[in-house]
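Work through the following exercises with the coordinates open, and try each task before reading its solution.

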Amino acid sequence: MPAVMHRLFIPTLLAGMIITGSSNSLWSKWQDMQCVENCNSEDESQRVLYEQPVWQTLQMFVGEMLCFLPVLYTWISARRSSPVYLAEDSQLLAHKDLTLSGFKVMLLWIPAACDLTGTTMMNIGLLYTPVSIYQMTRGALVLFVGFLSVVFLRRRLWLYQWVSLIIVMAGIGLVGFSGSLIKEATKESIGQYLARPAYGSNAPEPIDRPEATAVLVGVFFILFAQIFTATQFVVEEKIMGVYAVPPLVAVGWEGFFGALTILLILPILALPSITAKTPFFDIPRGWRQMINTPSVLYSGIAVACSIALFNYFGLSVTRHVSATARSLTDSCRTLAIWIISLGLGWEKLLFPVSLLQILGFSLLVYGTFMFNGLVRAPFCLAPHVDTEVERDAEEAEGLLSSPLDETATLPADLGQSGYDVVPDGQHKKTLST
């Protein structure tokens, strides 16, 4: 029986990461589709959907704070022992001289602020884009993390890695372009259907739906948010390189500081001068919509729980499998979101426009895999044989899944948030095997 359980352990972690990671984006998009005001109106243009990116960001931070629960459980179980760490955290702390404690913990407020900004912008972008395009566009994170790591962390990227970043951006461009074409084609078909006279009366006015340009605006919001997310990753890596802190504890602190920041700015966002300009930051209205609409409230709880579980599964995959397995699993998550969205009818497969989205997704996956060394680079781009060992050592540090990966997620990750940390000792153990 133990052998059977051991064989099922890794597949369970991978499946849990895909399921919880996919549910983050799917639940958030489903939340955006909920009617919260004037739901009984026959005129669909008068119905108000849930559009509260700040509240959605807060529920992400609450999910991160739930990562404190296993830490508290460990502390209560062995409260007579000091210090207390989660499994294998002692290996991480043994290689660091400084412990992140006291007022030093407030250093995590910096990446939490970046996470707050980036996730809110991605939530705004999700309002205008299909959930699959939202998830695929977040793949641009690899470009910004690579660039900022070279500039601020003095990392070196090989030629094939730069080429892979260009391939990723080309894939994202195709995904965004195809999304706008699909939205335009869908709207034209709806408009033609609504243009037909009904019972001899005048044709009703078309339903107000986002224009194709709105999809591009949403993609821009998501792309711009990746700058803040990449900055968050670089700052977190800088902090983790100096101070020792268990990963789940760091995630919990970031959730705490992010939630605290939102609570501090709530009085400002509630000012009439701000709420009158956009419904996105109408905090009192968003609270009433959430409390009075059970589907919004329960989906918010589901998002928070899935984010906490995603952090746990992501961290476990990195520890027990490898950092590169994280990249492969994340790509499978994007594909799963797309397939589920098609099955739910949220998106449509229109040929030949959808072929562009398939091509863009293929380029995105290929570029990510080539960057992380999961596929061999072309001969003309491959590094010299003498530098192969050095390249492997740098990849083991995990540029994209280094001390942290995917917060927010969903960013993030709504996912959307959390650390995928490979302790220093684990790196050596993985390389030796």
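**Exercise 1.** Decide whether the end-to-end distance of helix H7 (residues 141-152) agrees with the span expected at 1.5 Å a residue.

*Solution.* The model is predicted. The expected span is 1.5 Å times one less than the number of residues, so the 12 residues of helix H7 should span 16 Å. The end C-alpha atoms of H7 are 16 Å apart, which agrees with that expectation. Turning to burial, the buried residues of H7 are Leu141, Val142, Val145, Gly146, Leu148 and Ser149. In an α-helix there are 3.6 residues a turn, so residues three or four places apart point the same way. After H7 comes arginine 154, with a positive phi near 60 degrees.

**Exercise 2.** Classify glutamine 31 as buried or exposed, and list the residues that it touches beyond four places in sequence.

*Solution.* Glutamine 31 lies in helix H1 (residues 2-32). Its relative accessible area is 0%, and because buried means under 20%, glutamine 31 is buried. Leaving out residues up to four places away in sequence, glutamine 31 touches Tyr50, Gln56, Gln59, Val296, Ser299 and Gly300.

**Exercise 3.** Classify leucine 72 by its relative accessibility, and identify the nonpolar surface patch to which it contributes.

*Solution.* Leucine 72 belongs to helix H3 (residues 68-77). Its relative accessibility is 44%, and since partly exposed covers the range between under 20% and over 50%, leucine 72 counts as partly exposed. Together with Leu69, Trp75 and Ile76, Leu72 makes a nonpolar surface patch of about 430 Å².

How values were computed
Residues numbered from 1 in each chain as written. Predicted model: local features only at pLDDT ≥ 70, side-chain atom pairs only at ≥ 80, totals over all residues. Heavy atoms only, no water. Patch = residues over 30% accessible without salt bridge, like charges linked within 9 Å, V, L, I, M, F, W, Y side chains within 5 Å. Areas by Shrake-Rupley, 256 points an atom, 1.4 Å probe, with all protein chains shown as cover. Salt bridge = Lys/Arg side-chain N within 4 Å of Asp/Glu carboxyl O. Helix = DSSP H or I, 4+ residues; strand = E, 2+ residues; numbered from the N terminus. Buried < 20%, exposed > 50% of the residue type's maximum accessible area, 1.4 Å probe, protein only. Contact = heavy atoms within 4.5 Å.
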